[in-house]
Structures are given as structure tokens and as C-alpha cells.
Amino acid sequence: MSKINVLLLGSGGRECALAWKMNQSELLDNLYIAPGNAGTAALGTNLPQLSPMDFEAVGKAAVELGIDLLVVGNEDPLVAGITDYVKGNEALKHIKVVGPSQAGAQLEGSKDFAKEFMNRHGIPTAQHISVTASNIEEGYAFLDKQQAPYVLKADGLAAGKGVLIIDDLDEAKAELKAMLDGMFGASSATVVIEQFLSGIECSVFVLTDDRGSYALLPVAKDYKRVGEGDTGPNTGGMGSISPVSFADAVFMDKVRQRIIEPTINGLKQDGISYCGFVFFGLINVGGEPYVIEYNVRMGDPETQSVMARVDQDLIALMLQATGEQGFGESFTVKADERTAATVIMTSGGYPGKYEKGKEITGLDAVEGSVVFHAGTSLNVDGQLVTSGGRVLAVTSLACDKDAALALSYGNVARIAFDGSYCRRDIGFDL
């Protein structure tokens, strides 16, 4: 097979991990990352001026660079329809795209759409109601019937911040009104209120070929809250572990039969084109899996742990998924049997206000871990500095969870930047 040129869209830790894995492929000629970060610059060629949301500019760059495969890292361009743009453009339609159509991206772009899809295809999820300003009284009545805590979700994309979990009924009603009044802008013009499910969460990922078959990737668990013991506000994710001890063969059989296959078949039945990653945010309630949410791309920081364990050529998998034959039949991707543990280092103050431009030192002292960059850049003096809330992801492989975490935390201690913070209890509940 001839070598190919790949364009990866995105700039976070997920994209750094995907770039790291694709960079190992014998099928890769050139890897471009738009806009990329300081870490991806060492794995391919960054295109820092290229915005993933500027489809015309992406298309122009793809032609000029002879791109064969476009991998869309984050959700915004997918929800905005980049796959349809490429497929519908005469100069671009030869390019293979890993990422669903705009219709498929609604699984993440609209919580209401996702809930209706699950209802239609009999996929287990929490009881729920969709509320707008016009039926707010129905929303209040639904809250009255629920037990605390109360779950409110902005219908649209809110950068992982649009979910409120509230213990007090009156406060939940007040927050519902505030969301509908524009707390999250247009994203919360519709709010999905959900029954609270009590259990332990995990993240399941598949790469689907748009022909009814899929490749199942390693399962991971992430830690969203900023504080230890899962306290404090939600973040984009503070760390991850793979594999997940409770996601055993019995549990995963239920996941396949009740959730993955009805989702893939449902997309086909509904005439929705979907070649790309599906992220199933699941909760294990007494051994029974329920869907909390869909995402239409890989998760962050789960990707860092998952890619560390994937033991196959990622580009070969992507080319098979996007090829004319697809996978032919569903299968499980080969995985390293060791445990991967990822610890996120954040800027002080995150997920609230934080300062950027803090010099990062100590990366050259790291041993036995991979450091994926997220919010990093090079300043005018060429120094590596912080440029985001989640700055670095330190990922390690070892014989078990405790050994992998010890390695990651040992290397976190070697890295320094002003105000750096990490959770010390990743994996505490496994």
C-alpha cells in the first residue's frame, strides 16, 4: 500500500495522542495538524493559522498538501458539517474522512436528538424530558417527580460545561430558568432534564465503517470533577484509566448487544451516514449499562490512555473503515494487556480563570511515561509555555493500575510550571 498524507484537525491532548499513534504507522508519509500545539509539532507539521471551522481554508490546504485522509479530532467542525462539505466538493471528494456526516454529528450536537434516537431504537438511558421556554411548567412538574440530585443538560454544544447536577429542588428550578434565559447562550435554548442514575461510569469507543460493522477500542474511565473524591466543578477531564476493572466480558456483552449494535444499526435504519468514532458515555447501574451521552469523536483525556494501549496500526484501521469494503465484520482492536494511567496537569484556577504564558520545565527529565501536550505553545523566545486550562497529560503503561499511576505521578513531579495542579486520586474508585 502506498504511503498517504494525513490532515488532523484540532489542538488538544486528544489530537496529540492521535498524532502520536498515527506517527508510528508505516503507511504515513506526511502528517499535518491544524492548528496543533507545541507537542504535535514534534510529531508532524503544525498548520497554526488554519482554523478547523474555516472549511474553505481546510479544503484549500487539503488540495495544496495532497491530503488523502482527513481526521476530525473535535466535535465543532463535525456538528457544523465538515464531512458533508468535503464529500460534496468536486475537488475534495476523493479524500477519505474519519468523522460522521452533519446528521450523524447530531448525536453529540443535540441532547434532545440523541434522546429521541435512543427512544426510537430501544437503547437504555435515563428517563428525561426536553424543555424550552414554552413548556417550562412541564419541566418544573418533571423535576417535582424526580428524586435529588437533579440533572440539567444544555441541548447544544457547551464545551463540556453544559451539565448541572443540583441537590436542591428550588435551586434546580431556578437554574432551569437561568439556562433557558441564556446561561449557555443558544446551547441552552432547549434543556434536557434527566433522571439521576446512580452507578459508576466508563467510556466505550468504536470506529464504525458506515456499513454496519465496527472496531471496538479499549474501554477507559475518566475523572471529570476538578477536586479529589469527585468534588468541585466539572472540567474537560482530569485523568483516565484503561482498562476498566468492572467492564468485564459479561458487562461488555450487554454493552454490545443493547447499546453498540442498536446504535450502529439505528444509524443505518435512519439513513444517517456515519464513518468515524462513536463515544458511548456509559453508567453501570448494578451491572446494567445505560447511555449517559454520545460523543461523535474520541474523548479527552481517555484517548491518551486508549492510544497507549492500542496495539494495531491506527492509520490502517482508519483506511479500512473509510474504504469501499469497510471492516466486513465487527471486531475488537488488539490491545496491550498492561494498564494505562493518564494524569492531567492543569493551570492554577482551572476550570475557572487562569493565567497563560507560564514557562514549562522538566520535560527532559521524564522517564517511562509519554507526555501528551494540550494547552501548550512556544513563546516569542522559543520557550515552552502554558496556553490553556489543561496543559499536559502524563500517560504511563505498567503491569497494573497502581504501578501505572506511580509512574505517571513520579513524572508529574519532574515537570514544573507556575500554579500547576493535578488530582492525586485518579483511579480511586476502581
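# Turns, sheet and cavities

Biologist: In which loop is Asp230 found?

Modeller: The model is predicted. In this model, Asp230 has phi near 55°, a positive value in a residue other than glycine. Asp230 is found in the loop between strand 13 (225–227) and strand 14.

Biologist: What is the relative accessibility of Asp230?

Modeller: A residue counts as buried under 20% relative accessible area and as exposed over 50%. Asp230 falls in between and counts as partly exposed, with a relative accessibility of 31%.

Biologist: Which other residue, not glycine, has a positive phi, near 65°?

Modeller: Most residues other than glycine have a negative phi. The residue in question is found in the loop between strand 10 (200–209) and strand 11 (214–216). With a relative accessible area of 33%, this residue is partly exposed. The residue with phi near 65° is Asp210.

Biologist: Which cavity does Asp210 line?

Modeller: The cavity holds about 60 Å³ of space, and its lining has four nonpolar, two polar and three charged residues. The largest share of that lining, three residues, comes from helix 9 (residues 249–269). Among the residues that line it are Thr208, Arg211, Ile264, Leu267 and Lys268, together with Asp210, and the cavity is the second largest.

Biologist: Which helix gives the largest share of the lining of the largest cavity?

Modeller: The largest cavity has a volume of about 70 Å³. Helix 5 (102–109), helix 6 (111–120) and strand 17 (288–295) each supply at least two residues of its lining. The lining includes Lys111, Ala114, Lys115 and Met118, as well as Glu194 and Tyr294. Four residues, the largest share, come from helix 6.

Biologist: How many residues of the lining of the largest cavity are charged?

Modeller: Among the lining residues are Glu108, Lys153 and Glu293, and also Leu107 and Ile292. Asp, Glu, Lys and Arg count as charged. The lining has five nonpolar residues and no polar ones, and the number of charged residues is six.

Biologist: Is His121 buried or exposed?

Modeller: His121 follows the same helix into the loop between helix 6 and strand 6 (128–131). Beyond its neighbours up to four places away in sequence, His121 touches Pro262, Gly266, Gln269 and Asp270. At 16% relative accessibility, under the 20% limit, His121 counts as buried.

Biologist: In what order do the five strands of the open sheet stand?

Modeller: Strand 12 (221–222) and strand 20 (370–373) each have a single partner strand, so one side of each is left without a neighbour and both stand at the edges. Strand 15 (residues 239–242) pairs with strand 19 (residues 339–346) over four bridges, and strand 19 pairs with strand 23 over eight. Strand 20 and strand 23 are joined over four bridges. The pairing is antiparallel, and the order is 12-15-19-23-20.

Biologist: In strand 23, which residue is the bridge partner of Val343?

Modeller: Strand 23 (residues 390–398) is mostly covered, with eight of its nine residues buried. Within this strand, Ala393 is the bridge partner of Phe372. The bridge partner of Val343 is Val394.

Biologist: Which residue is joined to Ser242 by a cis peptide bond?

Modeller: Ser242 stands opposite Ala340 in strand 19. The residue joined to Ser242 lies in the loop between strand 15 and helix 9. With omega at about 0°, the cis bond joins Ser242 to Pro243.

Biologist: What is the omega of the cis peptide bond that joins Ala34 and Pro35?

Modeller: Most peptide bonds are trans. Pro35 is found in strand 2 (residues 28–35). For the cis bond between Ala34 and Pro35, omega is about -5°.

Biologist: Which backbone oxygen does the side chain of Thr235 reach?

Modeller: Thr235 is found in the loop between strand 14 (231–234) and strand 15, and is buried, with a relative accessible area of 1%. Its contacts include Arg225, Val226, Tyr350 and Pro351. A polar atom of its side chain lies 2.8 Å from the backbone nitrogen of Gly237. At 2.6 Å, the side chain of Thr235 reaches the backbone oxygen of Lys224.

Biologist: How far apart in space are Phe55 and Val86, C-alpha to C-alpha?

Modeller: Phe55 is found in helix 2 (residues 55–64) and is buried, with a relative accessible area of 14%. Phe55 touches Pro77, Ala80, Gly81, Ile82 and Tyr85, not counting residues up to four places away in sequence. Phe55 and Val86 are 31 residues apart in sequence, and their C-alpha atoms are apart by 8.4 Å.

Terms used
Residues numbered from 1 in each chain as written. Predicted model: local features only at pLDDT ≥ 70, side-chain atom pairs only at ≥ 80, totals over all residues. Heavy atoms only, no water. 1 Å grid on protein atoms, 1.4 Å probe; cavity = no way out; pocket = protein on both sides within 12 Å on 5 of 7 lines; lining within 4 Å. Points joined across faces, edges and corners; volume = space filled by probe spheres on them. Pairing = 2+ DSSP bridges. Buried < 20%, exposed > 50% of the residue type's maximum accessible area, 1.4 Å probe, protein only. Polar contact = N/O pair within 3.5 Å; in protein donor to acceptor, adjacent residues only side chain to side chain. Contact = heavy atoms within 4.5 Å.
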